[in-house]
Amino acid sequence: MTQDEALNILKQGHNAYITGPAGSGKTYLLNQYIEYLADKKVDTAVTASTGIAATHMNGVTIHSWSGMGIKEKITKHDIKDLLKRNYLRDNIMPAKVLIIDEISMLHAWQLDAVDRICRAFKKIEQPFGGIQVILSGDFFQLPPVVKNGETPQFVTESAVWQQMDLRVCYLEEQHRHVDATLSGVLNQLRRNATNAETDKVLAAREYQEVAGDIEPTKLYTHNADVDAINNMELDKIRSKKFVYHMHEKGHDKLVVMLKKGCLAPEKLELKRGAVVMFVRNNFKKGYVNGTLGKVVRFDRQNRPIVKTRSGKRIIATPTSWSIEEYGNKKAEISQIPLRLAWAITVHKSQGMSLDAAEVDLSKTFVEGMGYVALSRVRSLEGLRLMGLNELALRVDPAVIELDKALMAQSEQDKHLAGASGEEQQRLHQDFVKRSRSRLYDDEEIIEIADMVL
């Protein structure tokens with residue numbers, strides 16, 4: 001599907017799963033829908049499986065929003081306890097739409113837990129208590145974290161997945177990669193169909209320089225390697241150090257959550273000549289999350305001036321990350337939207353588009369990690385490959401079969417976007433009208449809470 005076709009289906013009120021290859025615009029589509037719902041005054045819960053993904057949409061983690069936290073299971077006793085928490089009632093009762101991004105990193109049991117919690121609060125025996133649910137992600141990317149060698153269970157194995165009457169929107173347009181050869185390699189990875197030609201293409205990028213005068217970001221699999229490289233490179237520069245501290249306000253726990261998910265550090269140390277990366281989108285100023293540059297000087301207000309790989313000079317001014325619930329800011333942090341970018345982990349790079357990257361996959365420890373890393377760059381000219389291991393170019397065969405099924409279902413569901421303009425408009429208006437109607441007034445909510453408790 002195209003983004004426009006998928007957006008039409010979302011506006012009709014269907015539960016949906018948004019998927020497609022890296023760079024197909026999944027998060028962009030979600031943000032379009034979020035803006036539409038805000039304009040129509042439809043209460044929307046914006047969440048993601050990780051803090052980093054949540055900050056891309058000014059949302060919260062699904063763990064926080066639902067109250068399930070980091071528990072490994074949710075019992076009836078747990079749900080009874082959650083029903084006593086006013087802040088969760090304030091989260092869930094008004095919600096008409098629930099968005100969950102980066103769904104590949106969520107366990108099957110966790111999606112079922114969110115479903116049970118929503119039903120308990122809403123007192124409606126429909127999936128998620130009748131809330132429209134929009135899931136988004138790509139199962140070729142990083143899977144749920146497991147312990148002791150357990151096999152991860154994707155949300156497709158949850159009980160509620162089969163009950164939701166999900167419409168699949170498989171995005172086919174490519175908005176990141178401008179290199180047909182790289183796109184071909186990534187498509188081969190998605191089919192576990194790499195061959196001698198693939199090896200030849202990647203071998204040609206081993207230890208190769210990238211165009212431009214900016215050192216490419218190093219993508220490593222482990223945090224220890226990343227921190228050591230960045231600190232070492234900054235220490236090499238013999239010039240004045242400028243320090244920027246993050247400002248914060250709001251609920252303490254939510255501030256902590258924002259900090260964990262934010263790619264900008266609490267204490268940002270810069271010097272002239274430092275390699276940096278923008279970690280926020282600002283199309284008006286000419287940068288996106290992942291734009292590389294080098295600090296060329298500091299202005300009279302000590303703001304860093306960054307020269308990007310394209311030669312554009314940008315004054316980096318503070319920006320903010322916030323957690324909003326129904327139009328109200330619960331917490332906010334602000335910082336210069338930069339981080340040292342000689343190195344970054346593959347996990348933290350998920351969702352980014354990089355101008356240039358030096359990728360070391362010699363310590364790859366999970367299937368899909370190589371695909372995530374290689375799909376960050378826009379072209380092969382921006383790739384310097386430092387190493388691979390046997391796991392680096394592998395994806396889970398079960399994911400390949402699942403992807404085929406999802407693609408086929410998307411073809412079937414595509415007809416929903418084909419109604420006439422007038423019919424589409426009517427369907428959109430009907431959903432907005434239903435969503436604006438209140439399920440309960442305040443007295444009924446109190447009565448339900450008393451009855452449940």
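**Exercise 1. Describe the surroundings of glycine 67.**

Step 1. Outside the residues up to four places away in sequence, glycine 67 touches Leu82 and Leu88, where contact means heavy atoms within 4.5 Å.

Step 2. The model is predicted, so local features need pLDDT of at least 70 and side-chain atom pairs count only at pLDDT 80 or more, while totals for chains, interfaces and linings use all residues. Residues are numbered from 1 along each chain as its sequence is written, and side-chain values use heavy atoms, with hydrogens and water left out.

Step 3. Glycine 67 sits in the loop between α4 (62–66) and α5 (76–82). Helices (H or I, at least four residues) and strands (E, at least two) are DSSP runs, numbered from the N terminus.

Step 4. The relative accessibility of glycine 67 is 12%, so this residue counts as buried. The classes are buried under 20% relative accessible area, exposed over 50%, and partly exposed in between (1.4 Å probe, protein chains only).

Step 5. Valine 114 is 47 residues from glycine 67 along the chain, and their C-alpha atoms are separated by 8.5 Å.

**Exercise 2. State how α1 and α2 pack, and which residues make the contact.**

Step 1. Helix α1 (residues 3–11) and helix α2 (residues 26–39) have axes 10 Å apart, at an angle of about 40 degrees. Axes are lines fitted to C-alpha atoms, for helices over the stretch in contact, and angles run from 0 to 180 degrees between N-to-C directions.

Step 2. The two helices α1 and α2 are therefore oblique to each other. Angles under 35 degrees count as roughly parallel, over 145 as roughly antiparallel, 65 to 115 as roughly perpendicular, and the rest as oblique.

Step 3. The contact joins Gln3, Ala6, Leu7, Leu10 and Lys11 of α1 to Tyr28, Leu29, Gln32, Tyr33 and Tyr36 of α2.

Step 4. The crossing of α1 past α2 is right-handed. A crossing is left-handed if the near helix is turned anticlockwise from the far one by less than a right angle, and right-handed if clockwise.

**Exercise 3. Do the same for α8 and α9.**

Step 1. The axes of helix α8 (residues 180–190) and helix α9 (residues 196–203) cross at roughly 130 degrees and come within 11 Å.

Step 2. That angle makes α8 oblique to α9.

Step 3. The crossing of α8 past α9 is left-handed.

Step 4. On the α8 side, Thr181, Val185 and Gln188 meet Thr198, Val201 and Leu202 of α9.

**Exercise 4. Sort the residues of α11 by burial, then place lysine 259.**

Step 1. In helix α11 (residues 252–261), the buried residues include Leu254, Val255, Leu258 and Gly261.

Step 2. Viewed down the axis of α11, the buried residues fall within an arc of 130 degrees, so they line one face of the helix. The arc is that of the directions from the helix axis to the C-beta atoms.

Step 3. Exposed Asp252, Lys253 and Lys260 are carried on the face of α11 turned away from its buried side.

Step 4. Lysine 259 is also found in α11. Not counting residues up to four places away in sequence, lysine 259 touches Met246, Glu248, Glu266 and Ile333. Isoleucine 333 is 74 residues from lysine 259 in sequence and 7.6 Å away in space, C-alpha to C-alpha.

**Exercise 5. Is aspartate 403 buried or exposed, and what does it touch?**

Step 1. Aspartate 403 belongs to helix α14 (residues 397–413).

Step 2. With a relative accessible area of 9%, aspartate 403 is buried.

Step 3. Beyond residues up to four places away in sequence, aspartate 403 touches Phe140, Tyr170 and Arg190.

**Exercise 6. Characterise tyrosine 207, asparagine 302 and glycine 286.**

Step 1. Tyrosine 207, in the loop between α9 and β7 (217–220), has a phi near 60 degrees, a positive value in a residue other than glycine. At 54% relative accessibility, tyrosine 207 counts as exposed.

Step 2. Asparagine 302, in the loop between β12 and β13 (304–308), has a positive phi near 65 degrees and is likewise a residue other than glycine. Its relative accessibility of 38% makes asparagine 302 partly exposed.

Step 3. Glycine 286 lies in the loop between β11 (275–278) and β12 (292–298) and is partly exposed, at 37% relative accessibility. Leaving aside neighbours within four places in sequence, glycine 286 is in contact with Lys312 and Ile314.
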